[in-house]
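Me: I'm new to this and keep tripping over the labels people put on structures. Can we go through a few together?

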Amino acid sequence: MQISRKDFGPEFHWGVSTAAHQIEGGYSADGKGLSIWDVFSQKKKKILGNHHGNISCDFYNRYPEDIALMARLNISNYRFSIAWSRIFPSGSGPVNQKGIDFYNRLINLCLELDIQPWITLYHWDLPDTLEKKGGWTNREIIHWFSDYVACCIERFGDRVKHWIVLNEPMVFTGAGYFLGIHAPGKKGLSNFLSAAHHAAICQAEGGRIIKSLRGSCKVGTTFSYSHVEPFRNTEKDLIAAKKTDALLNRMFIEPLLGMGYPFREVRMLRKIENYYKQGDSARLAFEMDFLGLQNYTRELVRHAPFMPFVKARIIKASKRQVEHTLMDWEVYPPAIHHALLRWSKYKNVKEIIITENGAAFADICKAGTVSDYKRIQYLKDHIEQVLIAKREGVPVKGYFVWTLMDNFEWAEGFHPRFGLVYVNFETQERIIKDSGKWYGNFLRVSDHPAEPA
Ligand code: GCO
């Protein structure tokens, strides 16, 4: 199928996404406080190759060049996050004006170049001072987070029309507070359930605060979603898939939609009620203007009697010998279509934006070019699936590629390259990959003066 931007209509939002800790560097510049990722990355053997994000893409200093590059690629929406500890170095208390100044410069430059900023308030980099007080496991986080959100809206809400409260709560609570493989490296069920419940309240609370301070802003929040299927067509694998799906895909969206947590499928989740205070059930719900869907792959799941809580295990793509990315995620474009259809069946979902989709491949830079044809195919195939869903009536209103440029991929360090733009981390040189050129061409509208690349 030959697709073009026109098929999606003029209102469709096309963009790219990034996150502060993954690109900014400047980890202690101009009064910034440390975040849990700054601290976690200093510990041995937490990050592949002992990499860290202290400098990363040096976006803190090089943002003018990067935003100009975005304009050259005809990208008209830019989703980025604010580093909480740049604004509040200790998480709460006095504001760091220099941090505010940085985001003002960034927002103003985007607007000058006709790029709409979409801001994620929390993309995993909690101020470390707050972690020392328990971080997401401490119910006080609701107050800390509310103050931070209110400050951002007061300072930037006059120019930023689209706000995203949280990035993938399942991942930062699951990997950070249950498995301990992401910052802050905590483990265990009680850490997870308390962190998860407070995050679920914060996602709704954040929406309420934004709307009460600036009713004209559009508010959303994002969720990771991997379409889950049973490995074999057996009763046991089917049950395993159901439980995994509830945990991975339903645990945060359903309370927001007023449906509560999926207790029925995953019984251990009931223990989350230990962290309830009066009024919490209602407090978990909020009607967002849009929901951000972040999809990369599907998961096949089989029954595994010794796995705690879900008795299920994901079978990796490499084991199944199917096409996969460097993250060992199967390349399976219909997953995004499944996800869109499923979300459209929920009540109260007004608009869906694909806030992340993309792939890491072993990119090689040869004589100043990166021929990443696999990424081009990946993007084309996924965009096509989005179009199919749109034509079927799903209210999908935007698509953002993860990501603008190669960056710090959390526990995987700088190994997986997800960018449309190649970054040489020694020289900080940027090279537009073939996929970047392709996206720039795809986005070009005839009356647009810019030429990609
Ligand atoms: C996430 C985050 C991004 C990742 C991307 C690739 O979805 O995990 O939002 O920060 O870098 O998804 O793994």
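Reply: Sure, let's start with residue classes. Ala, Val, Leu, Ile, Met, Phe, Trp, Tyr, Cys and Pro count as nonpolar, Asp, Glu, Lys and Arg as charged, and the others, Gly among them, as polar. With that sorting, the lining of the largest pocket has 28 nonpolar, 12 polar and 7 charged residues. Keep in mind that this is a predicted model.

Me: Which residues lie nearest the centre of the largest pocket?

Reply: Those are Val-171, Leu-179, Leu-248, Glu-299 and Ile-314, out of a lining of 47 residues. Val, Leu and Ile count as nonpolar and Glu as charged. The space in the pocket comes to about 1500 Å³. Helix H8 (169-177), helix H10 (235-250) and strand E9 (312-315) each give at least two residues to the lining.

Me: What makes Asp-128 and Lys-132 a salt bridge?

Reply: The cut-off is 4 Å between a side-chain nitrogen of Lys or Arg and a carboxyl oxygen of Asp or Glu. The closest N and O atoms of Asp-128 and Lys-132 are 2.6 Å apart, so the pair passes that cut-off. In general, side chains of opposite charge can pair when their charged atoms come close.

Me: Why is Asp-128 called buried or exposed?

Reply: Buried means under 20% relative accessible area, and exposed means over 50%. Asp-128 has 10%, so Asp-128 counts as buried. Its partner Lys-132 has 68%, so Lys-132 counts as exposed.

Me: How do you know that Glu-131 forms a salt bridge with Lys-186?

Reply: Their closest N and O atoms are 2.8 Å apart, and the limit is 4 Å. This pair links distant parts of the chain: Glu-131 is in helix H6 (residues 128-131), while Lys-186 is in the loop between H8 and helix H9 (189-213), 55 residues apart. Glu-131, at 9%, is buried. Lys-186, at 23%, lies between the two accessibility cut-offs, so Lys-186 is called partly exposed.

Me: What separates Glu-205 and Arg-208 in helix H9?

Reply: About one helical turn, because they are 3 residues apart in that helix. Their side chains meet in a salt bridge at 2.9 Å, N to O. Glu-205 has 15% and is buried, whereas Arg-208 has 26% and counts as partly exposed. Elsewhere, Asp-363, Asp-372, Arg-375, Asp-406, Arg-417 and Lys-433 are joined into one network by salt bridges that share partners.

Me: How many salt bridges does a search of the whole structure find?

Reply: The search finds 29.

Notes
Residues numbered from 1 in each chain as written. Predicted model: local features only at pLDDT ≥ 70, side-chain atom pairs only at ≥ 80, totals over all residues. Heavy atoms only, no water. 1 Å grid on protein atoms, 1.4 Å probe; cavity = no way out; pocket = protein on both sides within 12 Å on 5 of 7 lines; lining within 4 Å. Points joined across faces, edges and corners; volume = space filled by probe spheres on them. Helix = DSSP H or I, 4+ residues; strand = E, 2+ residues; numbered from the N terminus. Buried < 20%, exposed > 50% of the residue type's maximum accessible area, 1.4 Å probe, protein only.
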